[in-house]
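User: Could you take a close look at one part of this model for me, the pairing of charged side chains? I'd like one connected account.

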Amino acid sequence: MTAIDTNEPTTAALLSSGGYRSLPRWAPWSVAAGSVAVAFLVLLVTGTPTIVSVVAFGALVHLVVLTVLSRTLEGPRRSADRLATTLVTFAFALALIPLVSLLWTVGSRGMGLLSAEFLTTDMVGVFGDMTSGGVVHAIIGTLMVTLTATLISVPIGLLTAIYLVEYGRGPVARGITFLVDVMTGIPSIVAGLFAFALFTLIMGPAYRSGLMGAVALAVLMTPVVIRSVEEMLRLVPNELREASYALGVPKWLTVVKVVLRTSIAGIVTGVMLAIARVIGETAPLLITVGIVTRTSWNVTEGRMATLPVFAYNQYHQGGVGVDRAWAAALTLILIVMLLNLVARAISRLFSPKTGR
């Protein structure tokens, strides 16, 4: 056996003796503030500084200074870790810029017209630049069309994903997977043209309804549901399936009681992603549903108003219609946020309880 050298200093001893020095927690923030100040002064001397140029130049200075400082005081390994952490943080902040800009633009321009009256009235009798009128008919139409599309696509997507994960083998499963991959990249206008051609052959060229738009949205939703549910089902450990089989439970009941119950939270999240993917689609609904000024609850007969088409139509009219378009866009964002909160509550309610 190899003897242990008791004279070799431990990590704690090195830390206490100053062998390894670590930057304090406030150091990155101090370097960031100093970098922004230096960037502002340099750009002020060389030209007219802007927010974008100061932030970009300050980020570059911060990256270089913090890396050099960390390598000098903490060593190469810790400096490499700080460099990677800084780059990931910058990438995260860069990805947040368009999201924050979008929310700020829609919120600031849509709040001016958003009110209880706007959310509870329709556009019947509103002409020209009248400031009255609202989007209740478009809200109802959006919810009805999206709900119908969900009722069509979720059972198909769920059953297809179960088949691919639990039963599918051979060329049939590979063919379905290939078709799902192809459908994932279908442009939305193609889905609208498909639904238009289908209902034109069945009902005639003059037929327009919310059902036609729901079928177009279902074509876009189905591959997203299949892919998300398939990934969630694959995350369920095989040990759970084998334990159920060992107790004599048939496979179909194992899928229903064990697999689906375990992955219900991820399945609900995937369905919500699919709904968020299609609820703002405009092109297929322009072709299939159209626009009306009154409230309609019947998805099988007549045109229906939807928020995306309403926003497009109002923005195209100009004047006060532009304000209505921004308010409708803000309403659509709020509806998506509300649906996500409801989905979170449902997934938490029905997901298996792991605590005691």
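By about how many helical turns are Arg 234 and Glu 230 separated in helix 9?

Analyst: Happy to walk you through that. Please keep in mind that this is a predicted model, in which local features need pLDDT of at least 70 and side-chain atom pairs count only at pLDDT 80 or more, while totals for chains, interfaces and linings use all residues. Residues are numbered from 1 along each chain as its sequence is written, and side-chain values use heavy atoms, leaving out hydrogens and water.

Arg 234 and Glu 230 are separated by about one helical turn, because they are 4 residues apart in helix 9 (helices are DSSP runs of H or I, at least four residues, numbered from the N terminus). The two form a salt bridge, with their closest N and O atoms 2.8 Å apart (a side-chain nitrogen of Lys or Arg within 4 Å of a carboxyl oxygen of Asp or Glu). Their surroundings are not alike: Glu 230 is buried at 5% relative accessibility, whereas Arg 234 is partly exposed at 46% (buried is under 20% relative accessible area, exposed over 50%, partly exposed in between, with a 1.4 Å probe and protein chains only).

This pair belongs to a wider group, since Asp 181, Arg 227, Glu 230 and Arg 234 are linked in a network of salt bridges. Within that network, Arg 227 pairs with Asp 181, and here the closest N and O atoms are 2.5 Å apart. Arg 227 lies in helix 9 and Asp 181 in helix 7 (residues 171-184), so this bridge ties together parts that are 46 residues apart in sequence. Both ends are partly exposed: Arg 227 has a relative accessible area of 23%, and Asp 181 has 42%.

How many salt bridges are there in the whole structure? The search finds 6. Another of them joins Glu 281 to Arg 277, again with closest N and O atoms 2.5 Å apart. In this pair Glu 281 counts as buried, at 14% relative accessibility, while Arg 277 is partly exposed, with a relative accessible area of 31%.

One more charged side chain is worth a look while you have the model open. Lys 251 lies over the face of Tyr 167, at 4.7 Å from the ring centre (NZ of Lys or CZ of Arg must be within 6 Å of the ring centre and within 35 degrees of the ring normal).

To find your way back to your starting point, go to helix 9 and look for Arg 234 with Glu 230, then follow the network on to Arg 227 and Asp 181.

Key:
Helix = DSSP H or I, 4+ residues; strand = E, 2+ residues; numbered from the N terminus.
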